[in-house]
Amino acid sequence: MEQNSWGWSDRLSLSYEPMDETHKEFVELCAALSEDNPDTFLNRLDALIVHSISHFEQENRWMEETAFPPIGCHRQEHDAVLEVMQEVRRRVAIGEADLAARLAEELPLWFEHHVDTMDNMLARFMAAGQANQLTE
């Protein structure tokens, strides 16, 4: 597996600190998937899965608490990517090692798109709601 230089950058910042902090951790764990050490891949993936469950549950709570209109679509995307991670884990564990590199390549692309679209909308929605509460 080739070492990936992908990591946190201002490009991923949404200027909503609680979300950015969670995203920084996701990026760190996701980037670690590209480390050239097949013997520890499953441990690194397990750490990412544990983080992702908590990360996605946090965002799902925010969406519920703020009555975020596209909650269904956003939640479905969380569920789908988590399912992919878990399926890759299962298949790598039984010897389909090529999927490790594929996940390490594709997950950062998915995350960048997810941040640009769904998480960006959620962060703006929550920030607007907080601004409205301050003016009431």
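**Exercise 1. Find out how many residues the chain has and what share of them counts as buried.**

Solution. Start with the count: the chain has 136 residues, and 40% of them are buried. Next, recall the cut-offs: buried means under 20% relative accessible area, exposed means over 50%, and partly exposed lies in between, with a 1.4 Å probe and protein chains only. Before going on, note that this is a predicted model, in which local features need pLDDT of at least 70, side-chain atom pairs count only at pLDDT 80 or more, and totals for chains, interfaces and linings use all residues. Residues are numbered from 1 along each chain as its sequence is written, and side-chain values use heavy atoms, with hydrogens and water left out.

**Exercise 2. Describe the build of the chain: which elements does it have, and what box do its C-alpha atoms fill?**

Solution. First, list the elements: there are 4 helices and 0 strands, where helices (H or I, at least four residues) and strands (E, at least two) are DSSP runs numbered from the N terminus. In order from the N terminus, they read α-α-α-α. Then take the principal axes, along which the C-alpha atoms fill a box of roughly 60 × 25 × 20 Å. Finally, look at contacts, meaning heavy atoms within 4.5 Å. Among contacts with a separation of 6 or more, 71% join residues 24 or more positions apart.

**Exercise 3. Place H51 and S52: in which helix do they lie, and are they buried or exposed?**

Solution. Begin with the helix: S52 lies in α2, residues 41–66, and H51 is in α2 too. Now turn to accessibility. H51 counts as buried because its relative accessibility is 8%, and S52 counts as buried because its value is 0%. Last, look at the partners, leaving aside residues up to four places away in sequence. H51 is in contact with T22, E25, F26 and L29, while S52 touches F26, L82 and M85. So F26 appears in both lists, as a partner of H51 and of S52. For E25 there is also a distance: its C-alpha atom is 8.0 Å from that of H51, although the two residues are 26 apart along the chain.

**Exercise 4. Examine the phi values of S15 and A67, and say where these residues are found.**

Solution. Here is some background: most residues other than glycine have a negative phi. Check S15: phi is near 55°, a positive value in a residue other than glycine. S15 is found in the segment before α1 (17–32), and it counts as exposed because its relative accessibility is 69%. Then check A67, where phi is also positive, near 55°. A67 sits in the loop between α2 and α3, and it is exposed, with a relative accessible area of 57%.

**Exercise 5. Locate the largest pocket: which helices line it, and what is its volume?**

Solution. Start with the volume, which is about 160 Å³. Next, identify the helices: α3 (71–93) and α4 (98–135) each supply at least two lining residues. The largest share, 6 residues, comes from α4. To find the lining in the structure, pick out V81, V84, E87, V88, R91, L99, R102, L103, E106, L107 and W110. A pocket here is an open set of points on a 1 Å grid over the protein atoms alone, where a 1.4 Å probe fits, with protein on both sides within 12 Å along at least five of seven lines; lining residues have an atom within 4 Å of a point.

Methods
Points joined across faces, edges and corners; volume = space filled by probe spheres on them.
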